[in-house]
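Student: Please take a close look at the salt bridges here, pair by pair, and tell me how well covered their side chains are. I would like one connected account, with the cut-offs stated as you go.

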Amino acid sequence: TTDHAEVVRVETTAGQHRLVACGDGVATLTFTSSYDPSLSATCVVTVNQKYLVHNWVTFNPNGWDWIYIPGVLPLFQEDLSYTSVTEGFDVDEDNKVIEIRSQKALLYNDKDYGFFGSIDELTGADGMYKIKASYANEALATIDMGETWDAALAQTKPIRKGYNWIGYPNKYYLTLEGLNAIVAQNIDLFREGDLIIGKESFAEFNGRVWIAPSGFELVAGKGYIYYSENGTDADQGIDFSLDEDDSTPSVKPQVRVARAKDPKGVWHYNTSEFADNMAVVLMVEGLENPEQYTIGAFVNDECRGMGAAVEGGRMMVNVAGRAGETVEFRLHHSTSGEYFNLNGHVGYAQHAGSLKAPVMLSLNGQTSIEEILAVGSDTATEIYDIHGRKVERMQAGNLYIVRQYVNGKMQTRKVIMK
């Protein structure tokens, strides 16, 4: 029985038993004689493992995932034949890895010629890999690390100016609170405007703390892109160690569901169809109470991601997509259920906007109250706020619903008070 710890295998040599464990916690081990089941003994051991060094790595079996390899895994023998790892990547047409990308290289699985490219091993030194797979009837794909893990690789590679592909090496899921707990020990590295971009969410450093929508976390065994405004000349990677690990431990991290949706079913999207993500920080001009809205990113009416408000009216959304695409945005109000198109768009890139200088958008097709009331003094007009309450006074910057009765017909428009 274990508490956040797991015995992954037992090795027996000349009557001596060696148990290989991973995780963090207390394990109670019970030994029973195969000759006489009445003979048994127990012992208690403490497993205190900081790094993700168990003998498997899991990834999404259908679509793209970002993974970290805590060791060195050769993909080809000296005669260029496949290793056991590569054989697991190419079982048959319905069960295979299609493509692997590092920051500087590529490996592609051609249906006729097999694997070709410039990646001949998977290693923690590359930081992370983007991997695309297609396995029929598999809930989880696994890479067997065997004895190849290396604790020396269980740290991020040096951070340089620009985009850095890194892995998250610890066994703990690191929440936003945990990430902010390690700011002091990385103060020479973290700079205002730095980003940590994951497959489904991202965070930005505002010069004091990391800011991200609710639910952001770094997941054991996953890959990330660290954007550095300045970088460092030293061989300094991110120190993820905590004095007191209070994040969620994971003995065997599971692949997060790639198909995500708003809890109320506002929009649906699938990040696993795309290798890349764009981190966007934006602000909607004149929008009151942005925390009451969900923002969606769209390419040709297809939802590519959703986000939420953070500090100072800024909104953060992670957008899945491809180079050359144009991304537009929409709002959904959580109380009224209304949808709003936004004026403005961004071209697909690795990131757009920042907390300091967000992409500025405006509500689409909105007119001013003054323009509405100018229709004529004999026109009956009723004004409601976004909660459906009739109001007599209006505040600048707020959104309202105006009903007018002109020649016996009712007209309804959404307007913004300038």
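Tutor: Let us begin with Arg-101, whose relative accessible area of 26% makes it partly exposed, a class that lies between buried (under 20%) and exposed (over 50%), with a 1.4 Å probe and protein chains only. This is a predicted model, in which local features need pLDDT of at least 70 and side-chain atom pairs count only at pLDDT 80 or more, while totals for chains, interfaces and linings use all residues. Residues are numbered from 1 along each chain as its sequence is written, and side-chain values use heavy atoms, with hydrogens and water left out.

The partner of Arg-101 is Glu-99, and their side chains form a salt bridge with an N to O distance of 2.6 Å; the term requires a side-chain nitrogen of Lys or Arg within 4 Å of a carboxyl oxygen of Asp or Glu. Whereas Arg-101 is partly exposed, Glu-99 has 11% relative accessibility and is therefore classed as buried.

The structure holds eight salt bridges, and one of them joins Asp-65 to Lys-222, with 2.7 Å between the closest N and O atoms. Asp-65 belongs to strand β5 (residues 62–67), while Lys-222 sits in the loop between β19 (217–218) and β20 (223–228), so this salt bridge ties together parts that lie 157 residues apart in sequence; strands are DSSP runs of E, at least two residues, and helices runs of H or I, at least four, numbered from the N terminus. Asp-65 is buried at 7% relative accessibility, and Lys-222 is buried as well, at 9%.

A further salt bridge brings together the side chains of Glu-325 and Arg-322, with an N to O distance of 3.9 Å. Glu-325 is buried, its relative accessible area being 15%, but Arg-322 is partly exposed at 45%. These two residues also belong to a network of salt bridges that links Glu-302, Arg-304, Arg-322 and Glu-325.

To set a residue of another kind beside these pairs, consider Thr-83, which is found in the loop between β6 (72–74) and α1 (84–89). Thr-83 is buried, with a relative accessible area of 9%. Once neighbours within four places in sequence are left aside, Thr-83 is in contact (heavy atoms within 4.5 Å) with Pro-74, Leu-75, Phe-76 and Gln-77. Between the C-alpha atoms of Thr-83 and Leu-73, which are 10 residues apart along the chain, the separation is 9.0 Å.
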